[in-house]
Amino acid sequence: KVVVVSPDYGGHTKFADHWLNAEPGTDAALALGMAHVILKEHYVEKQTPYFDAYAKKRTDLPFLVSLRERDGVYVTDRFLRASDLGETSENAQWKTVVLDEATGEPVVPNGSLGFRWGQEGEGNWNLQLGETSPRLSMLGAHDELVPVDLARFEIGDTEGGGIMRRGVPAKRVGGQLVTTVFDLLCAQLGVARDDLPGDWPEGYEDPLPCTPAWQQEHTGVDADLVIRIAREFARNAEVTEGRSMIMMGAGTNHWFHGDQIYRAML
């Protein structure tokens, strides 16, 4: 199935099964609305084995991020590093950390940036988890549930700056309060989970960032169609083990926030 995202009916659009005619420059909102659906239905409401394994091995989603208290709530700080755990190996300050699912202990997996530049790490550049299965989420292993302030900059009432306050599960590791990139992604995309504090969407039709209804306000693309295409894209990736593709052109580079558009697609 071919889906074309384009504000105009271009020459390639006639080959499409679906045409998502998003307003110019709103590709990021469209992608975030789809990501909301995929994260909710394939990572939270259920775990899709292929997605779960891929996220643990190929992405930074399991890595631990420290949280810093500010005005009674928390904001994200930086990745937890091996040096925070007292390690003194070469470039320990550039080696990131995950939490082992089986033992609950922090692990410094082979292959992060700290292994690449130096004699100790020579030949150990590839991410090899070995017996470690990283936790994607601190939920269930957390010490506390904390509110986190996240920035929002979309056009409208919050243009120029605003705050979303959404909760994440957190744990104390190496003397620091940490959560995972996955937990922060859930908060950013508005995918609610039980007992977490904060302002969460009540469903896909709730126009809070980053729901299908929210993207419709910005893109003009029907929310129900976005839900359908997101589900089909993810289902195809599930049964084919990754054979879904986004082919992005250079048009999105013409926008000031082109980096956000690319990151949202990824």
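How many aromatic pairs does the structure hold? It holds six. Hi everyone, that is where I'd like to start today. Please keep in mind that we are looking at a predicted model. Its average pLDDT is 93, and 97% of the residues score at least 70.

Let's take one pair, Tyr 50 and Tyr 54. Their ring centres are 6.3 Å apart and their planes meet at 40°, so this pair is called tilted. If you wonder about that word, planes under 30 degrees apart would count as stacked and planes over 60 as edge-to-face, with the rest tilted. Find helix H2, residues 49-58, and you will see both tyrosines there, four residues apart, which is about one turn of the helix.

Are these two tyrosines buried, exposed or something in between? Tyr 50 has a relative accessible area of 27%, so it is partly exposed. Tyr 54, at 44%, is partly exposed as well.

Now let's move on to another pair, Phe 63 and Phe 79. Here the arrangement is edge-to-face, with 6.5 Å from centre to centre and 85° between the planes. This pair links distant parts of the chain, since its members are 16 residues apart. Phe 63 sits in the loop between H2 and strand E3 (64-70), while Phe 79 belongs to strand E4, residues 73-79. Phe 63 has a relative accessibility of 10%, so we call it buried, because the cut-off for buried is under 20%. Phe 79, at 32%, is partly exposed.

Back to our tyrosines for a moment. Tyr 50 and Tyr 54 also belong to an aromatic cluster, together with Tyr 43, Phe 51 and Phe 182.

Rings can have charged company too. What lies over the face of Trp 94? That is Arg 81, at 5.6 Å from the ring centre. For another example, look at Trp 117: the charged end of Arg 116 sits over its ring, 5.6 Å from the centre.

Let's finish on the surface. Phe 233, Ile 246, Met 248 and Leu 266 make a nonpolar patch of about 390 Å². You can find Phe 233 in helix H6, residues 223-240. With a relative accessibility of 31%, Phe 233 is partly exposed.

And how does the confidence vary between elements? H6 has the highest mean pLDDT among the elements of the protein, at 98, and helix H3, residues 113-116, has the lowest, at 87. Thanks for listening, everyone!

Note on methods. Residues are numbered from 1 along each chain as its sequence is written. This is a predicted model: local features need pLDDT of at least 70, side-chain atom pairs count only at pLDDT 80 or more; totals for chains, interfaces and linings use all residues. Side-chain values use heavy atoms; hydrogens and water are left out. Helices (H or I, at least four residues) and strands (E, at least two) are DSSP runs, numbered from the N terminus. Buried means under 20% relative accessible area, exposed over 50%, partly exposed in between (1.4 Å probe, protein chains only). A charge sits over a ring if NZ of Lys or CZ of Arg is within 6 Å of the ring centre and within 35 degrees of the ring normal. Patches are made of residues with over 30% relative accessible area and no salt bridge: like charges are joined within 9 Å, nonpolar side chains (Val, Leu, Ile, Met, Phe, Trp, Tyr) within 5 Å. Accessible areas come from the Shrake-Rupley method with a 1.4 Å probe; for residues, only the protein chains shown count as cover. A salt bridge is a side-chain nitrogen of Lys or Arg within 4 Å of a carboxyl oxygen of Asp or Glu. pLDDT is the predictor's confidence in each residue, from 0 to 100.
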